[in-house]
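Colleague: Could you take me closely through one part of this model, the place where the ligands sit between the domains, and then set that part in its surroundings? I would value one connected account, with a word on how far the prediction can be trusted.

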Amino acid sequence: MNAVRLLPLATLTQPGIIQATIPLASSKSESNRALIIDALTGFRCDLQNLSTARDTQTMIRLLKSDVQYVGGPAGPETADVLDAGTTMRFLTAYFAVTGQQKIMTGTPRMCERPIGILVDALRALGADITYLKKEGYPPLQLNGFQAAETNRVSIRGDVSSQYISALLMIAPVLPNGLTLELTGALGSRPYIEMTLEQMIYFGAHVQADWVNKIITVGAKPYTPKSYAIESDWSGASYWYSVAALAKDETAELNLLGLKAKSLQGDSAIVDIMRPLGVESTFTDAGVRLTKRPAEPSLAWDFTDCPDLAQTVAVCAAVNGVKLTLTGIESLKIKETDRVAALQTELQKIGAELIETEPNHRYEVRQLNAKPKGPARIATYDDHRMAMAFAPVAMQEEIIVEEPGVVAKSYPSFWDDMAQVAIVDMIQEEPRVKE
Ligand SMILES: O=C(O)C1=C[C@@H](OP(=O)(O)O)[C@@H](O)[C@H](O)C1
Ligand SMILES: C=C(OP(=O)(O)O)C(=O)O
């Protein structure tokens, strides 16, 4: 007999007073970069405050298997990154350049997320990589590395910055370093800058010419150092939305471990949320959020901070702020098609996401009629769908399906959320078909 799978749900209801101190998870982006650099020093760095995010824990596990198998059994082993984009892209470059034979794979969705641009660049640098199923997508097989003569590679910048970060991080151990020419429009640039800053911190020689879009990295190995990871600004964005949507005008949230001058581009949430009604005050411990009057409309280009788009779209939909979004094309190739997911789920809270110029400009508008009863939000294996909709609880009851998805980046999200909402975790019996 097949076991019946119960559907996990989180129901969230409105609290009264909102006064909380939120520890936050640390940044998985910073963690995963530090881990690759550490591996390239022979694991001689002292990394503090590494993220508990599944994406980071997966990276640690797969790098450990790397150590374990040095001089170990011949033939490729499988590195399963699950649904972690940075882990897939960064480890592919790392295992390739260190000449390890691996099969790189992940969840079915990971096998739909493109990687051909990175594979082409790695091949040009000397990696032997084959596709095991579909050309341009995981699973991949890494068969070894023999450094090519060239140290100059052209790469598109408009699909994912993770390919560029992956190549930059391995550049110091290439025999002649690397010159990367970035072509076309550039998305997620702050993530490339984060990579460069962390590389420089660990002693790499880097020159970035943003006008001509050329980045040069010298052939100088990293220096082992200690490094402390900052809290996660992407995770902080959900607390900004909580503050913006709180009915309690005296709401105050203290988010720990964040700095005003951050390596993370998602610290842009400070500026995005001011017109949505949140004031930020930096303290020694982090940032304090309080409420201020919201403005009627906001237009924001999310090219530099795609992971904030869902948070801001949901917040504006509930706050009644007319939001225009640009720069969200890359959302279609993330954990799910986030544009489609938002379009379906926003309807449930009485709003819509409309494309007003093909592939370019979108608007969040409130619908005239709002569906009755608490909205039940599907999360599409996407942590950010769950966390972006949770703050709606500040205004009305909301049900989030598969709440466990948050583990990808912020495993303690629901514990933190229980400080500002009544969170009830239940398991629902499957509905019997008539
Ligand atoms: O380098 C990184 O740490 C990331 C880069 C971004 O991806 P893209 O460059 O694919 O936009 C971002 O969405 C992702 O969550 C993390
Ligand atoms: C897109 C994300 O992650 P990744 O691409 O690393 O899977 C994310 O965390 O929102």
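Modeller: I will begin with the shell around ligand 1, which in this predicted model is made up of Ser29, Thr86, Ser160, Ser161, Gln162, Ser165, Gly187, Ser188, Tyr191, Pro306, Asp307 and Ser330. Sorted by class, that shell holds two nonpolar, nine polar and one charged residues, and the element that gives the most to it is helix α5 (residues 161–170), with three residues. Ligand 1 lies between domain 1 (7–26 + 230–428) and domain 2 (28–228), because both of them give residues to its shell.

Ligand 2 has a shell consisting of Ala84, Gly85, Thr86, Asp307, Lys334, Glu335, Arg384 and Ser409. Thr86 and Asp307 are listed around ligand 1 and again around ligand 2. By class, the surroundings of ligand 2 comprise one nonpolar, three polar and four charged residues, and at least three residues of this shell come from each of domain 1 and domain 2.

The two domains themselves deserve a description at this point. The domain assignment gives domain 1 as 7–26 + 230–428 and domain 2 as 28–228, and their centres, taken over C-alpha atoms, are separated by 30 Å. Where the two touch, 21 residues of domain 1 and 23 residues of domain 2 take part in the contact, and the side belonging to domain 1 is composed of eight nonpolar, seven polar and six charged residues.

The UniProt record, in an unreviewed entry, places the feature "binding site" at Lys28, Gly85, Arg113, Gln162, Arg338, Arg384 and Lys408. Of these positions, Gln162 appears in the shell around ligand 1, while Gly85 and Arg384 appear in the shell around ligand 2. Two of the annotated lysines can be followed further. Lys28 is placed in helix α1 (residues 28–40), and it counts as buried because 28 other C-beta atoms lie within 10 Å. Leaving aside neighbours within four places in sequence, Lys28 is in contact with Ser51, Ala53, Asp55, Thr56, Asp232 and Ser409, and Ser409 is also one of the residues around ligand 2.

Lys408, by contrast, is found in a loop, the one between β21 (398–401) and α12 (413–417), yet Lys408 too is buried, with 24 other C-beta atoms within 10 Å. Not counting residues up to four places away in sequence, Lys408 touches Ala53, Arg54, Asp55, Asp83 and His383. Ala53 and Asp55 therefore occur among the contacts of Lys28 and among those of Lys408, each of these lysines being buried.

Turning to the surroundings, helix α9 (residues 309–319) is mostly covered, with 11 of its 11 residues buried; among them are Ala309, Gln310, Val314, Cys315 and Asn319. Just after α9, Gly320 takes a positive phi of about 80 degrees.

Some backbone details elsewhere also merit a careful look. Most residues other than glycine have a negative phi, and most peptide bonds are trans. Asn49, in the loop between β3 (46–48) and α2 (54–68), has a positive phi near 65 degrees, and Asn49 counts as partly exposed because it has 17 C-beta neighbours inside 10 Å. Asp381, in the loop between β20 (375–377) and α11 (383–389), likewise has a positive phi, near 55 degrees, and is partly exposed, with 17 other C-beta atoms within 10 Å. The peptide bond joining Pro138 and Pro139 is cis, with omega of about 0 degrees, and Pro139 is placed in the loop between β6 (127–131) and β7 (140–145).

As for confidence, the protein has a mean pLDDT of 95, and 96% of its residues reach 70 or more. The stretch to read with reserve is residues 68–72, over which the pLDDT is below 50 and which, beyond near neighbours in sequence, has one contact in the model. The model scores ipTM 0.99 and pTM 0.96.

Note on methods:
Residues numbered from 1 in each chain as written. Chains lettered and ligands numbered in written order. Predicted model: local features only at pLDDT ≥ 70, side-chain atom pairs only at ≥ 80, totals over all residues. Buried ≥ 20, exposed ≤ 12 C-beta atoms within 10 Å, placed from the backbone. Helix = DSSP H or I, 4+ residues; strand = E, 2+ residues; numbered from the N terminus. Near = placed C-beta within 6 Å. Nonpolar A, V, L, I, M, F, W, Y, C, P; charged D, E, K, R; others polar. Domains from an automatic or database assignment. UniProt positions renumbered as here; feature names shortened; annotations may be inferred. Contact = placed C-beta atoms within 7 Å. pLDDT = per-residue confidence, 0-100.
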